[in-house]
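Colleague: I've just opened this one and don't know my way around yet. Can you walk me through it?

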There are 2 protein chains.
Amino acid sequence: MLNMGGPSTVAETHDFLKNLFMDGDLIPLPMQSMLAPLIARRRTPQIEKQYDAIGGGSPILRYTRLQGERMAALLDELHPETAPHKAYVAFRYARPLTDETAREMRADGVKRAVAFTQYPQYSCSTTGSSLNELFRRGKAGEINDVQWSVIDRWGTHPGFVEAVAQNVERALAKFPEATRQETVLLFSAHSLPMSVVNRGDPYILEVSASVAAVMERLKHSNPYRLVWQSQVGPSAWMGMQTGEALKGLARLGRKQVVLIPIAFTSDHIETLYELDLEYAKEAREHGIEVHRAESLNDSPVFIRALADIAAAHLKDVTTGQAGPTSIQMALRCPGCTNATCGQQKAWFARGGR
Amino acid sequence: MLNMGGPSTVAETHDFLKNLFMDGDLIPLPMQSMLAPLIARRRTPQIEKQYDAIGGGSPILRYTRLQGERMAALLDELHPETAPHKAYVAFRYARPLTDETAREMRADGVKRAVAFTQYPQYSCSTTGSSLNELFRRGKAGEINDVQWSVIDRWGTHPGFVEAVAQNVERALAKFPEATRQETVLLFSAHSLPMSVVNRGDPYILEVSASVAAVMERLKHSNPYRLVWQSQVGPSAWMGMQTGEALKGLARLGRKQVVLIPIAFTSDHIETLYELDLEYAKEAREHGIEVHRAESLNDSPVFIRALADIAAAHLKDVTTGQAGPTSIQMALRCPGCTNATCGQQKAWFARGGR
C-alpha cells in the first residue's frame, strides 16, 4: 500500500520533510542532497506546530494499517486462489519507508506482490514517485525475487465513489432540510504546479473524473466546484485555490458549504489542519456554516472497495486478462524528461524483472 | 441552439472577429468598443487565409441547422406533449446572431423556448456568454413574452459519449490490428486562460469528465491524454498544449496517434485548420501516423442524443421534476465579478421573467 505517509509523532516531522525535499521525482532541486536538509530544517518548527495542533502526529499510518488488514481479510474470501493475503505499508516520506518494508517482505519470503497505490488518482508527483522508489529498491535486489503487478489508479471505482458520496450525504444532513439544497459542495484536492500539469500529468483529469462520478451518484442534488489546496511557493499552481473559493462564496452570499477531500483517503495534515483549522475556520468568520465530509479512514464501504479493486486486479492478472500494469500506465507524460519513469514502467511491465 | 458560430464565407471573417473581440464576457478589454475593431482588423487577413484553406468558410451553421432540424423531428415523436418543435440557431459571433434569431422567433409567435447550449461542457466564456447575450436581448423585450428554460451542459450524456466513442473507434480501425493498442488517444479541447480557470470556471472539470466517460465506454483500450489547443496571447493558459504534446510523443518514440476533438460538436476552424492542417501535419513530419476522429457533424447517434437530452429536459420541466435551470447553473463561479452573470442566472431561473 503505497502512499506519501506522514510523521506518526511530532518528533518525526524533520525526517519526513527531509525525505520529501530529497525526492527529485517530486521536486527536482539543484544540489538536492545539500539543499533539501537546509529547507527541511527551516520548515520543521512551523510544521511541527501543525502536527501538534492535530493531536501530535498524522493518523495516516494507523488508518493505512487498519485498511490493509481488513482488506486482506476480505481478499482471502473474494479471491481465495491467491490466499493468504497480507498488506504491507510503504510510505514515500515517513516510516515505514520502502527499505523497511522490503526487509519485512524478505523475512516473510514474499514471492508475489501488488504495488497498490493508495492515491485514487494518478500523478507523477505521487504514485509515480512511489513507483520510481519501489523500482529503484527492487532493481537493486533489496526486495528479493518478487513477481510484481501494479494497481496504479482507481479514482472512479464505484465503491470509492459510493464511500465518498455517503460521507457527503452525512455532512449534508447536518444542514436544515429547508435549505439543504442550497449548500455548495466544495471538493478540494491537493494542487499541482502548472509546470507538472503542462508536461501532461493526468492528475487534474482524474480528480475531475472522481468529482463528476460522485456528483452523478448524488444525482446532482447540489451545486458544486472542484478547487485546489496546499499550494506552496511563488510559482503557478492549478486553481482555483480552496481558500479563495471560500472567500468568493461568502462574497456571493452563500451561507452553507460542505468541504470534501477527494484525493486523500485518510485524514492527515491537509484535512485536519488545513481544511479544518484554517479554511473552515476562516469561512466561519465570513459567516458560512461549514461541515467537512469525513475522510474515508475506517469506512467499511471504502475498505470493501479496496478489496474489490484488488480482487479484480488479481483475477485479471492471474487469468491473463490483463498484464502486470494498466494500458494507461505505459504512457509517459508527453513532456516527461525523467528517465527513471521510462525504466520504471518497463520494469513493472515485465512483472518487476 | 446556442454556439459561438463561425463565418460561413470568408467575407464574414472580419465581422466575426469584431463580434468576438467586442464580447466583454469573453475578453474584457479596456475601451472595448474602440479596441475591438482595431484588433479585429489587424487579425482579419491571417484568419481569412485559414478559412480559405478549409474551403472558404466554416461549416458550423450548415451542421447546426441540420442537427436542429433532425433533432426537432425526433422530438415530435419522443415528446409529443410539446410538439411541434422547431430548432433556431443563435450564434454569438456570426450570423445568425441573437437579434436575427429573435426576429424570427417573434414572427413565428414562439411562446415557449429552450436555450440549448451546443457546447457539451460549460464555461463562462462559451455557454455563459451566450446566455448573457440571450438574457440582455430577452430582458430588452426583443424576443417577446417567451417562457424560457435552459439546457446548460451535457458533457457526460451517454448518447454524446457513444457518438464520440464510435468516431474514435473508426479512426483507430485505420491502424494495423497488430499495433492498434499502442495508439495514443489524444483528446484535444479549446484551452482557457488560467485567469478564468482560477476564478472557478467549471470547464476543465467537465471536459475531463467527458474524456473519462469516453475512455470508460472504450474499456480503456488505449493509453490517452487530454490536451489543450488554440491558446493565444502572452498570458498563461491551461495546458498541456496539443502541439507540444504531439512533439513530446514523437520524442518518446510513439508512432500512432488519434486526435479527438472533445469540446466541439461540428467541424470548424479549430478542427479543420488547427488540428488537420497544423498539428497533424507537423506530427507527420515527426514520423507519427495521425488520424483525426471525425467531428460529430451529421452523426445520427449524436443527433439522437441531442433529441434525448431535449426530451428529458422538456419532460422534467413540464412535470415539475426540475426547474427552468439546473441546480449547478445557479452557482456563480466563486471568483466571478461579472454582475450580468448573477442577473442572467436569476432571470432564467424565473423562466425568463
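**Cavities and a sheet**

Modeller: Sure. Keep in mind that this is a predicted model. Start with the second largest cavity: its lining has ten nonpolar, four polar and two charged residues.

Colleague: What volume does the second largest cavity have?

Modeller: It holds about 130 Å³ of space.

Colleague: Which residues are closest to its centre?

Modeller: The lining has 16 residues, and the closest to the centre are A:Asp201, A:Pro202, A:Leu205, B:Leu226 and B:Trp228.

Colleague: And which elements supply at least two residues of that lining?

Modeller: H8 of chain A does, together with H8 and strand E6 (224–229) of chain B. E6(B) gives the most, with four residues.

Colleague: How many cavities are there in the whole structure?

Modeller: A search finds ten of 30 Å³ or more. The largest has a volume of about 160 Å³.

Colleague: Which residues are closest to the centre of the largest one?

Modeller: A:Leu226, A:Trp228, B:Asp201, B:Pro202 and B:Leu205, out of 16 that line it. Helix H8 (203–217) and strand E6 (224–229) of chain A give two or more residues to this lining, and so does helix H8 (203–217) of chain B.

Colleague: Which element gives the most there?

Modeller: E6(A), with four residues. By class, the lining of the largest cavity has ten nonpolar, four polar and two charged residues.

Colleague: New topic. What is the strand order in the sheet of chain A?

Modeller: E6-E5-E7-E8. It is an open sheet of four strands with parallel pairing.

Colleague: Why is one side of E6 and of E8 left without a neighbour?

Modeller: In chain A, E6 and strand E8 (289–292) stand at the edges with a single partner strand each, so one side of each has no neighbour in the sheet.

Colleague: What is the average twist?

Modeller: From one strand to the next, the twist averages 25°.

Colleague: Over how many bridges do E5 and E6 of chain A pair?

Modeller: Six, in the parallel sense, with strand E5 of chain A covering residues 184–190. A:His190 stands opposite A:Gln229 in E6(A).

Colleague: Which strands does helix H9 of chain A touch?

Modeller: H9 (residues 242–251) packs on the sheet and touches E5, E6 and strand E7 (256–261) of chain A. Its direction makes about 165° with that of E5(A).

Colleague: And where does helix H10 of chain A lie?

Modeller: H10 (residues 269–285) lies across E5, E6, E7 and E8 of chain A. It runs at about 170° to E8(A).

Definitions and conventions:
Residues are numbered from 1 along each chain as its sequence is written. Chains are lettered from A and ligands numbered from 1 in the order in which they are written. This is a predicted model: local features need pLDDT of at least 70, side-chain atom pairs count only at pLDDT 80 or more; totals for chains, interfaces and linings use all residues. Side-chain values use heavy atoms; hydrogens and water are left out. On a 1 Å grid over the protein atoms alone, a cavity is a set of points where a 1.4 Å probe fits but cannot get out, and a pocket is an open set with protein on both sides within 12 Å along at least five of seven lines; lining residues have an atom within 4 Å of a point. Grid points are joined across faces, edges and corners, and a volume is the space filled by probe spheres set on the points. Ala, Val, Leu, Ile, Met, Phe, Trp, Tyr, Cys and Pro count as nonpolar, Asp, Glu, Lys and Arg as charged, and the others, Gly among them, as polar. Two strands pair if DSSP finds at least two bridges between them. Axes are lines fitted to C-alpha atoms, for helices over the stretch in contact, and angles run from 0 to 180 degrees between N-to-C directions. Contact means heavy atoms within 4.5 Å.
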